[in-house]
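Thanks for making the time this morning. I would like to walk you through one model, looking at its charged pairs, at a packed pair of helices and at one tryptophan.

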Amino acid sequence: MPANGQRRSTRTARLVRALAVTGTGAAVLAVPLLGATTASAATPVSSNVTTLKTASNLGYPNNLDGWIRASLQVMAEKGIPGSYNGIYRNIIRESSGNPRAINLWDSNAAKGIPSKGLLQVIDPTFRAYHVNGTSWDIYDPVANITAACNYAAKRYGSMDNVYSAY
């Protein structure tokens, strides 16, 4: 049986890896709190982190046009149907193009799960239809559009088929 110190270091390493894999910044903070003497304990984990797909990382401008085009690129890679016009039409109806939009008055809000972001997605739907490679932040434009289009594809065949609240 390993010495107590060895078991703790294994647990620490496991915890740091788990925190890093889930995408929390807590991994960096956890290292000093758990008794590591240097931050190098987290180095191997960070080498596995991939760059999130954002408009600017994909070479598009950080505006509505760029967010839609970046989302379409991610959607094409993942086989999610949708067109620029269908996405644009729904964004304008849902949020007027404001990525920080939040609906605090409808039935979802009354249940404590307000619709958020460009395509007014609720947290459970965003989590269920999140697309790997995009941010887990519901307000991130590319993540919000891509998750909403993934949901619409499963439910309606494509965001292009959505003409009202969905």
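Let me begin with Asp123, which forms a salt bridge with Lys116, the closest N and O atoms being 3.0 Å apart; by salt bridge I mean a side-chain nitrogen of Lys or Arg within 4 Å of a carboxyl oxygen of Asp or Glu. Lys116 is buried, at a relative accessible area of 13%, where buried means under 20% relative accessible area, exposed over 50% and partly exposed in between, with a 1.4 Å probe and protein chains only.

Before going on, I should say that this is a predicted model, in which local features need pLDDT of at least 70 and side-chain atom pairs count only at pLDDT 80 or more, while totals for chains, interfaces and linings use all residues. Residues are numbered from 1 along each chain as its sequence is written, and side-chain values use heavy atoms, with hydrogens and water left out.

The structure holds 4 salt bridges, and another of them joins Arg69 to Asp65, with the closest N and O atoms 2.9 Å apart. These two residues sit 4 residues apart in helix H4 (residues 64-78), so about one helical turn separates them; helices here are DSSP runs of H or I, at least four residues long, numbered from the N terminus. Arg69 is partly exposed at 39% relative accessibility, and Asp65 is partly exposed too, at 27%.

Which residues of H4 meet H5? The axes of H4 and helix H5 (residues 84-95) come within 10 Å and cross at roughly 130°, the axes being lines fitted to C-alpha atoms over the stretch in contact, with angles from 0 to 180 degrees between N-to-C directions. From H4 the contact, meaning heavy atoms within 4.5 Å, is made by Leu64, Asp65, Ile68, Arg69, Leu72 and Met75, and from H5 by Tyr84, Ile87, Tyr88, Ile91 and Ile92. Asp65 and Arg69, the salt-bridge partners, are thus part of this contact as well.

Finally, there is Trp67, which also lies in helix H4 and is buried, with a relative accessible area of 10%. Trp67 and Val142 are 75 residues apart in sequence, yet 5.4 Å apart in space, C-alpha to C-alpha. Leaving aside residues up to four places away in sequence, Trp67 touches Val142 along with others, including Ala55, Pro61, Gly97, Leu118 and Ile145.
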